[in-house]
Amino acid sequence: MSCLSSGLINGLMLVGSGSKDDDKGDLSIGVLMITMGCLFASCAIMDMLLLKKVHSLYRTTGASFEKAQAEFTEGVVANRGVQNAAGQFGAAAAKGAARGAMGGASGNQM
C-alpha cells in the first residue's frame with residue numbers, strides 16, 4: 001500500500017510515527033513529503049480551474065471543433081517550415097523503404 005499511496009499519506013505516517021531522537025531525519029522527510037503533496041494538490045486544482053475557464057471561454061465564443069480543425073489545417077498547410085519538414089520526412093521514409101526493399105530482395109539484410 002505504501003508504494004501506491006500519495007506523499008501526503010506517507011508524510012503523515014512519518015511525522016506521526018513518534019519523535020525520538022533518532023527520528024529527526026524521518027520528521028524532516030515527512031514534513032517535506034507533506035509540503036510536496038500539498039503543492040502537487042494545489043497545482044492539480046489550479047489546472048482544473050484553468051481548464052474550466054478555458055472551456056467556458058471556448059464555449060462562449062461560438063467556436064466549434066470543426067472550425068478549430070479547419071483553422072489548424074489551414075495554418076499547418078500554409079506554414080513553409082512544416083511543408084519543408086514534411087517533405088524531408090517523406091523523402092527519408094521513401095529512401096528507407098527503398099533500401100529495405102532492395103536489401104530484402106537480395107538477401108543481404110542483417
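**Exercise 1. Determine what share of the protein chain counts as buried.**

Solution. Of the 110 residues of the protein chain, 6% are classed as buried; the class requires under 20% relative accessible area, exposed requires over 50%, and partly exposed lies in between (1.4 Å probe, protein chains only). The model is predicted: local features need pLDDT of at least 70, side-chain atom pairs count only at pLDDT 80 or more, and totals for chains, interfaces and linings use all residues. Residues are numbered from 1 along each chain as its sequence is written, and side-chain values use heavy atoms, with hydrogens and water left out.

**Exercise 2. State how confidence is distributed over the protein chain.**

Solution. Confidence is expressed as pLDDT, the predictor's score for each residue from 0 to 100. Its mean over the protein chain is 79, and 82% of the residues reach 70 or more. Helix α2 (residues 24-60) has the highest confidence, at 88, while α3 has the lowest, at a mean of 79.

**Exercise 3. Describe the secondary structure, then test the length of helix α3.**

Solution. Helices (H or I, at least four residues) and strands (E, at least two) are DSSP runs, numbered from the N terminus. The protein chain contains four helices and zero strands, in the order α-α-α-α from the N terminus on. For the test, the expected span is 1.5 Å times one less than the number of residues. Helix α3 (residues 65-78) has 14 residues and should therefore span 20 Å; its end C-alpha atoms are 20 Å apart, which agrees. As to cover, the count of buried residues in α3 is zero.

**Exercise 4. Classify Cys38 and Cys43 by accessibility, and report how many disulfides the whole structure holds.**

Solution. Cys38 is partly exposed because its relative accessibility is 44%. Cys43, at a relative accessible area of 41%, is partly exposed. A disulfide is a pair of cysteine sulfur atoms within 2.5 Å; the search of the whole structure finds zero.

**Exercise 5. Place Val31 in its helix and assign its exposure class.**

Solution. Val31 belongs to helix α2. Its relative accessible area is 43%, so Val31 counts as partly exposed.
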